[in-house]
Amino acid sequence: MAYTFVDHLREYVRGLVAKRIAEESGLPTEFKGIPDERIITMVEDLATPILRKIEDEAVDAGIQRFAALVRYSKKQKGEG
């Protein structure tokens with residue numbers, strides 16, 4: 001059975017960019033004359049790695065916070 005990898009974060013970012021372009025709110029004037037699909041692709045390519053880094057940092061922070069809660073819980077029970 002073959003598996004296909006779907007980058008859901010990239011798809012999510014693509015949707016956000018497309019929505020922003022459709023609303024045309026706050027777009028730089030430099031984008032005038034550039035096809036929407038090109039803008040979407042370029043912004044998606046640039047924004048996705050930034051979100052991925054934030055995502056990794058959020059998971060790491062969550063792990064550390066959970067570990068601290070476990071330590072605290074064990075200390076309260078006299079296990080540590």
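Reader: Let's start with the second largest pocket: how do its lining residues split by class?

Author: A class count tells you what chemistry a probe would meet on the walls. In this predicted model, the lining of the second largest pocket has 6 nonpolar, 2 polar and 3 charged residues.

Reader: Which residues line the second largest pocket?

Author: Here's the roll call: Ile-21, Glu-24, Leu-27, Pro-28, Thr-29, Phe-31, Lys-32, Gly-33, Ile-34, Asp-36 and Ile-39. The space there comes to about 210 Å³.

Reader: Let me pick Asp-36 from that list. Where does Asp-36 sit, and is Asp-36 buried or exposed?

Author: Asp-36 belongs to helix α2. As for burial, there's a middle class, between 20% and 50% relative accessible area. Asp-36 counts as partly exposed because its relative accessibility is 47%. You can also check Asp-36 against Val-17: the two are 19 residues apart in sequence, and their C-alpha atoms are 9.7 Å apart in space.

Reader: Now the largest pocket. How much space lies in it, and which residues lie nearest its centre?

Author: Volume first: about 240 Å³. The lining has 13 residues, and Leu-16, Val-17, Arg-20, Ile-21 and Val-43 lie nearest the centre. By class, that lining has 9 nonpolar, 1 polar and 3 charged residues.

Reader: Which helices supply the lining of the largest pocket?

Author: Both α1 (8-23) and α2 (36-76) give at least two residues each. The largest share, 7 residues, is from α1.

Reader: Ile-21 has come up for both pockets. What does Ile-21 touch?

Author: Leaving out residues up to four places away in sequence, Ile-21 touches Leu-27, Asp-36, Ile-39 and Ile-40.

Reader: And which residues make up the largest nonpolar core?

Author: To read a core, look for buried nonpolar side chains that join up. The largest one here has 5 residues: Val-13, Val-17, Ile-21, Ile-39 and Ile-40. Two or more of these residues come from each of α1 and α2, with α1 giving the largest share, 3 residues.

Reader: Zooming out, how many of the chain's residues count as buried, as a percentage?

Author: That's 11% of the 80 residues.

Reader: What about the overall fold: how many helices and strands, and why is the chain called more spread out than a compact globule?

Author: The chain has 2 helices and 0 strands. For spread, compare the radius of gyration with the globule rule: the chain comes out at 21 Å, well over the 12 Å that the rule gives for 80 residues, so the chain is more spread out than a compact globule. Along the principal axes, the C-alpha atoms fill a box of roughly 65 × 40 × 15 Å.

Methods
Residues numbered from 1 in each chain as written. Predicted model: local features only at pLDDT ≥ 70, side-chain atom pairs only at ≥ 80, totals over all residues. Heavy atoms only, no water. 1 Å grid on protein atoms, 1.4 Å probe; cavity = no way out; pocket = protein on both sides within 12 Å on 5 of 7 lines; lining within 4 Å. Points joined across faces, edges and corners; volume = space filled by probe spheres on them. Helix = DSSP H or I, 4+ residues; strand = E, 2+ residues; numbered from the N terminus. Nonpolar A, V, L, I, M, F, W, Y, C, P; charged D, E, K, R; others polar. Buried < 20%, exposed > 50% of the residue type's maximum accessible area, 1.4 Å probe, protein only. Core = buried A, V, L, I, M, F, W, Y, C linked by side-chain atoms within 4.5 Å. Contact = heavy atoms within 4.5 Å. Rg over C-alpha atoms; globule rule 2.2 N^0.38 Å.
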